[in-house]
Amino acid sequence: MEQENRDTVRLLIVDASSEEAEALLNVYRDAGYSTRAHHVTSMENLEDALSGHQKWDLMIISAAELPEGLTVSLVLDRVDQQGRDIPSIVLAEHPEEEHPEEEHLELFKLGVRSVIARDNDELLLLTSDREIEDLNTRRHYRRMSVALNESEKQRRNLLDDQVDAIIYISEGLVKYSNPAFNELVGLDAGASLAGKTFSDLVAENDRKDVGEFLISIEDSGQALAAIQCPLLVDQEGEVPVRAMVSPTSFDGRYTLSLLVRPQELEDTPEIEQEEVEVARPDSETHLYDKNAFKEQLDVAMQRVVAGKDKFALLCITLDSLRALHAKGGKRVSQPYHKEVSSRLGLELIEHKAASWSGDCIMALVKAGDEKAVRELAGQIIKGVTEEAVVLGNNELPVKLSLGSVILTDSSSDLKTQLVRARHAATQAQKEGGSKLCFYQKRKINAVSSVEKHLAGMVSQALKHDNFKLKYQPVVSLKGSSEKHFEVQLRMIDVRGREHDSVTFRNKLDKNTLWSKVDRWQVIEAGKELLNSTRSKDKIRLFLHLGGNAILEKEFLPWMGVALKAAGIPTSSVVVEVSEQNIVRFNKQAPGFFEAVKALGCSTGISEFGCSLNPMETIAPLALDYVKVDPSFTKDLTSESQGEELKEMILALSEEGQKVIVPQVQSAVEMAPLWHTGVDFIQGDFLQEPAEHMDFDFEGEF
């Protein structure tokens, strides 16, 4: 169970009801998102949201509860006029009509991305994930387009200044020639050969052979080749040249790059030796080295993207190699590895294969579908494993596991594809080996299934006492006579792994189950606080309670009795509740905090700043401490440089609240906080959560 590492999602919510808008925000926050939201209640309101520099990730429109004067068409038209790329989802009530498709079709024509029933939270989250992922892809594409244009501009400048003659060719046509090449063939340095047939620049006797050779190189995707021919100079003379041919891309398209030099200036033995080293596999194993294979892989990916070829990546693991090495050492494992590698090299002689790591061989195979890869895998397994490897008097059986991914134009990240092929081979090993597995993306569990699973884990942890507490200092930047610590809950799972409750608490803490967890941590934190205060330190403890504590009338009286029985003054405790739960139980929250004050404890809110109107949310509450959401700390190192956080700290300070900025992880985040007026900071940069309250508050940080 890993902590969700999602970016902050920024929402425009078009809904007449602020309560419904807040409830909608809670759906996203329950799913682990940090949120920023703008509640659109009028066209002027929408104009304000769109006129700033803020980027919005998603617009949710409530079709049944539209603000007065707004329609779906008006909202979408305004977004379109502003040139904003904001995917929109319409929430519809269950229609009474038998055929709602026509109504939905009209919405799609307007530009709506999805229409979802209002109460289908799970579908809303899945659709939102998809839309945000697609939006990020579009944003990335736009950034990369700008970067590519700049890169191409810089490359042209470098090529223009290059001493060597260089020309780019695709399908026999010249795409670009640099000034050095133009001068070589007697043209003006600034002349353009783009669009002309390259073979027309070659002497007539060699023209046909050169043209066919280059087409064969382009069709085969060979990583490196050389060609010798005379080029025409001023259409009268000739200059013998030698060209190194390599595949590349130019203006985003697959092309051949020719590095051309006059032949008499070439040190041909050196270049031929380089060519041999790059182009030929090992003579004994028939396997390429790793660097040569990577070059072939890059070329293959270019050809896949260009639609010129189909390839699959194959990972082959020698399952018994490690056991043989552990038993017999290199004396056994090395000859065994060499023999099996040679067999594999022969089986893959028509493809490209390389020794990748100790027990792993990677192969690039010309196959565009799973059926072809399965047939090849069957041949490999049969050809390599049918006979045992004989070393001395010993016959050592051969066992292979194969994993594969099909390369497509959407899989250009080759590092990821190599890892996936290895994962697929590992899966084949787990299933007994001697087989092929294709990489399968892991499916995400449904929200309800996740909550059920988490509830089971928490119940087991309570039953077997597999919770523990850690304490992290909350350091004052303005000086304080008290030492502040936050209680942090950890759960140990059946495998002994430790999980921070922050990663799952928001999915469960509104349920009655969490009351048991809260009671456990009050008792355990009280014990530690009692031990620490015996040293006469004045300590104040931030204790985070779940939302159910707001509803359970018996909880606060029980806590008061528990603290009194332990001899702990209630003034040493700050009761902290998340903003999400305060919004969720907004009617009960004021009474709850009044009761906390009456008990003698201080009050606090955590994860603040993600509701629709954060300042209005806490206005009815007499809060002593406000801990902002960690996503604001991340913004300190973003382009905005934490402007939202600085404005929020100023507003809170004017209201007399003490502000805490959590998860300060580095000096880079720490530096700008000195000048914001923030009261407290907390994070691993100061000290990671520890099992005891032993931080040196007098030290430098």
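Helices α2 and α3 are roughly parallel to each other, since their axes cross at roughly 25° and angles under 35 degrees count as roughly parallel. The model described here is predicted. In it, α2 covers residues 43-51 and α3 covers residues 72-81, and their axes come within 11 Å. The crossing of α2 and α3 is right-handed. On the α2 side the contact involves Met43, Leu46, Glu47 and Leu50, which meet Leu74, Val75, Arg78 and Val79 of α3. Classified by residue type, this contact of α2 with α3 holds six nonpolar and two charged residues, with no polar ones.

**Overall dimensions**

The protein contains 24 helices and 26 strands. Its radius of gyration is 34 Å, well over the 27 Å that the globule rule gives for 701 residues, so the protein is more spread out than a compact globule. The C-alpha trace spans about 100 × 75 × 65 Å along the principal axes.

**The parallel sheet**

One open sheet consists of five strands in the order β2-β1-β3-β4-β5, with parallel pairing. Its edges are formed by β2 (35-40) and β5 (114-117), each of which pairs on one side only. From one strand to the next, the twist averages 25°. Within this sheet, β1 (residues 9-14) is joined to β2 in the parallel sense over six bridges. Leucine 12 is placed opposite histidine 38 of β2.

Helix α1 (residues 18-30) lies across four strands of this sheet, namely β1, β2, β3 (58-62) and β4 (88-92). Relative to β2, α1 runs at about 160°.

**The antiparallel sheet**

A further open sheet, also of five strands, has the order β7-β6-β10-β9-β8 and antiparallel pairing. Here the edge positions belong to β7 (173-177) and β8 (225-233), each pairing on one side only. Neighbouring strands of this sheet are turned by 35° against each other on average, direction ignored.

Strand β9 (residues 237-250) pairs with β8 in the antiparallel sense through nine bridges. Among the residue pairs between these strands, leucine 232 stands opposite glutamate 238 in β9, and cysteine 229 has valine 241 of β9 as its bridge partner. Strand β9 also runs antiparallel to β10, to which 10 bridges join it. Serine 246 has serine 257 in β10 as its bridge partner. The hairpin of β9 and β10 has two residues between the strands, and aspartate 251 in this hairpin takes a positive phi near 55°.

Two helices are associated with this sheet. Helix α5 (residues 121-161) lies across β6 (165-170), β7 and β9, and its direction is at about 160° to β9. Helix α9 (residues 290-305) packs on the sheet by touching β9 and β10 (253-262), and its direction makes about 80° with that of β9.

**Contact between α1 and α5**

Helix α1, which lies across strands of the parallel sheet, also packs against α5, which lies across strands of the antiparallel sheet. The angle between α1 and α5 is about 65°, with their axes 10 Å apart. That angle makes α1 roughly perpendicular to α5, and the crossing is right-handed. Leu24, Val27 and Tyr28 of α1 meet Asp121, Leu124, Leu125 and Ser128 of α5. The contact of α1 with α5 comprises five nonpolar residues, one polar residue and one charged residue.

**Contact between α11 and α12**

Helix α11 (residues 330-347) and helix α12 (residues 370-385) pack at an angle of about 140°, with their axes 9 Å apart. This arrangement makes α11 oblique to α12. As with the pairs described above, the crossing is given by its hand: α11 passes α12 in a right-handed crossing. The residues in contact are Val340, Arg343, Leu344 and Glu347 from α11, together with Gln379, Ile380, Gly383 and Val384 from α12. By class, the contact of α11 with α12 has four nonpolar, two polar and two charged residues.

The geometry of the helix pairs is set out below.

| Helix pair | Angle between axes | Axis separation |
|---|---|---|
| α2 and α3 | roughly 25° | within 11 Å |
| α1 and α5 | about 65° | 10 Å |
| α11 and α12 | about 140° | 9 Å |

Key
Residues numbered from 1 in each chain as written. Predicted model: local features only at pLDDT ≥ 70, side-chain atom pairs only at ≥ 80, totals over all residues. Heavy atoms only, no water. Pairing = 2+ DSSP bridges. Axes fitted to C-alpha atoms, helices over the stretch in contact; angles between N-to-C directions. Contact = heavy atoms within 4.5 Å. Parallel < 35°, antiparallel > 145°, perpendicular 65-115°, else oblique. Left-handed = near helix turned anticlockwise from the far one by under 90°. Nonpolar A, V, L, I, M, F, W, Y, C, P; charged D, E, K, R; others polar. Rg over C-alpha atoms; globule rule 2.2 N^0.38 Å.
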